[in-house]
Amino acid sequence: MNLDFTSILPSLPYILKGIGITLQIVLLAGLLGFALGIIIALFKISSVKLLKWFSDAYTSIFRGTPLILQLALIYYGSPQIFGFQIEPFAAAVLSFSLNSGAYISEIIRAGILAVDKGQREAAMALGIPYKRMMWDIILPQAMKNILPALMNEFITLTKESAIVSTIAITDIMRRAYIVGGHQYRFFEPLIFAGLIYYVLVMTLTLIGKAVERRMRRSD
Amino acid sequence: MINVEDLHKSFGKLEVLKGITTSIEEGEVVAIIGPSGSGKSTFLRCLNLLEIPTSGKIWINNQEVTDKKTNIMKIRQDVGMVFQHFHLFPHKTALENLTYAPMKVRGMSKQEADKLGQELLEKVGLANKASEYPTRLSGGQKQRVAIARALAMNPEVMLFDEPTSALDPEMVKEVLEVMKSLAHTGMTMAIVTHEMGFAREVADRVLFLDGGVLVEDAPPAEFFTNPKSGRAKEFLEKML
């Protein structure tokens, strides 16, 4: 075996700087995807046929094609479609939000349907308007139940974000490649990148558990 | 107060209500009884349109609620409902369960709503449970909070859908006591119940439903001692 971890030591700060970029993409895409997911989920349970149809088609398409293809379409296709070259960062956030919105909408839909029907009836009997009922009564209860699934989606998003390295964004993954190229050793920087991803995911898991505990206060 | 004219309700092919006509006067306490599957819960749920009638008309306070132009939400705000399974909001404390609708629907300030909520919790004997979440309450306590929650909207009518059927026997009494004292305040009440003793003691009138038809409509003294129809006789023999 020809391994020498000391040789990449000077490059570690450079790779670590990728954390910021990865986190920016994940957090932005996560938040936008979550907001989008709620909207699409509400469309799915709506009684308006057109909205239902649209949201089902949306989910089907974004789940049915590879994320890396969606990213490439938005990034490389933008000059033809919009007439200008979209920034890599914007392309990454856009494709990841659109994609995770599809997955999150399914999670939220299931969460809403799992809330006891009596909750809706109790709210209706009190004359609470639909929007308020959804926002204050149904969604908070749905969120509590779907938190583990939601956390899982954010973890997936964090790991999948590594594919933005294909459109020249210098995230953790890309930086590991670059260091590997300079030194003619790929194993060490890639292992280091893997370690960073693992720590990120573990941190997310811990945060998720803490939030879950907080939300279970009422049990 | 409430007028019902030729009310029909079908679920698919199953006709649950086959033309019910009756009325409930202001301040009246009406017990709705009958065998299971007789349509009594469906009848009650039609009154605040939790079930949409297939045909027929319902008026509450001279407003036709079955008219498509009527704002159902507005009507429901003035019609309190208590469910068999309580349906308290589990993520809100007892007090928050009471104050939510007055604040968000009636636009009451938080102080006002909190004051009202505390008063009502006191009235149902649960002043010390204000900050408890529903999971920490017994069935009887949950149902008393649910009654208080409905009262917090200051309704003109209260509908009770088998309010004690899901309770352990030792908790039935505390809920019935609360309902009894509510009846004494002159509240208009429609109660679907299997508690014959309670119906006899508290109700002004008994509606006996069987097979989706209003078979008898009589004061309790008359109904329980001298039922006219064979079906009511048969039912009472099984119950008493």
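Arg205(B) is a buried residue, its relative accessible area coming out at just 13%. In this predicted model, Arg205(B) makes a salt bridge with Asp217(B), and the closest N and O atoms are 2.9 Å apart. That contact ties together distant parts of the chain: Arg205(B) belongs to strand E9 of chain B and Asp217(B) to strand E10 of chain B, with the two residues 12 apart. Asp217(B) has a relative accessible area of 38%, so it falls in the partly exposed class, since that class covers the range between the 20% limit for buried and the 50% limit for exposed.

The two strands behind this contact are worth a look in their own right. E9 (residues 205-210) and E10 (residues 213-218) of chain B run antiparallel and are joined by five bridges. Asp210(B) has Val213(B) in E10(B) as its bridge partner. Together E9(B) and E10(B) make a hairpin, with two residues left between the strands. One residue in the turn, Gly211(B), shows a positive phi of about 60°.

Salt bridges turn up elsewhere too, and a search of the whole structure gives 17 of them over all chains. In chain B, Lys180(B) pairs with Glu177(B), with 3.7 Å between the closest N and O atoms. Both sit in helix H6 (residues 169-184) of chain B, and because they are three residues apart, about one helical turn separates them. Lys180(B) counts as buried at 18% relative accessibility, whereas Glu177(B) is partly exposed at 38%. Another pair in chain B is Lys228(B) with Glu222(B), where the closest N and O atoms lie 3.1 Å apart. Here Lys228(B) is exposed, with a relative accessible area of 59%, while Glu222(B) is partly exposed at 34%. Over in chain A, Lys44(A), Glu106(A) and Arg109(A) are joined into one network by salt bridges that share partners.

Aromatic contacts come next. Over all chains, the whole-structure search picks up nine aromatic pairs. One of them is Phe43(A) with Phe54(A), an edge-to-face arrangement with 6.4 Å from centre to centre and 65° between the planes. This pair bridges distant parts of the chain, from Phe43(A) in helix H2 (residues 18-44) of chain A to Phe54(A) in helix H3 (residues 49-64) of chain A, 11 residues apart. Both rings belong to partly exposed residues: Phe43(A) has a relative accessible area of 24%, and Phe54(A) comes in at 39%. Also in chain A, Phe82(A) and Phe84(A) make a tilted pair, with centres 6.2 Å apart and planes at 35°. As for Phe43(A) and Phe54(A), they form one aromatic cluster with Tyr58(A) and Phe62(A).

Rings also meet charges. In chain A, Arg175(A) places its charged end over the ring of Tyr14(A), 4.7 Å from the ring centre. In chain B, Arg149(B) lies over the face of Phe89(B), 4.6 Å from the centre of that ring.

Finally, there is a nonpolar patch on the surface, made up of Met1(A), Leu3(A), Phe5(A), Phe187(A) and Ile191(A). Together these residues offer about 590 Å² of accessible area. Phe5(A) lies in the segment before helix H1 (12-16) of chain A, and counts as partly exposed because its relative accessibility is 42%.

Note on methods. Residues are numbered from 1 along each chain as its sequence is written. Chains are lettered from A and ligands numbered from 1 in the order in which they are written. This is a predicted model: local features need pLDDT of at least 70, side-chain atom pairs count only at pLDDT 80 or more; totals for chains, interfaces and linings use all residues. Side-chain values use heavy atoms; hydrogens and water are left out. Two strands pair if DSSP finds at least two bridges between them. Helices (H or I, at least four residues) and strands (E, at least two) are DSSP runs, numbered from the N terminus. Patches are made of residues with over 30% relative accessible area and no salt bridge: like charges are joined within 9 Å, nonpolar side chains (Val, Leu, Ile, Met, Phe, Trp, Tyr) within 5 Å. Accessible areas come from the Shrake-Rupley method with a 1.4 Å probe; for residues, only the protein chains shown count as cover. A salt bridge is a side-chain nitrogen of Lys or Arg within 4 Å of a carboxyl oxygen of Asp or Glu. Buried means under 20% relative accessible area, exposed over 50%, partly exposed in between (1.4 Å probe, protein chains only). Rings of Phe, Tyr and Trp (its six-membered ring) pair if their centres lie within 6.5 Å; planes under 30 degrees apart count as stacked, over 60 as edge-to-face and the rest as tilted. A charge sits over a ring if NZ of Lys or CZ of Arg is within 6 Å of the ring centre and within 35 degrees of the ring normal.
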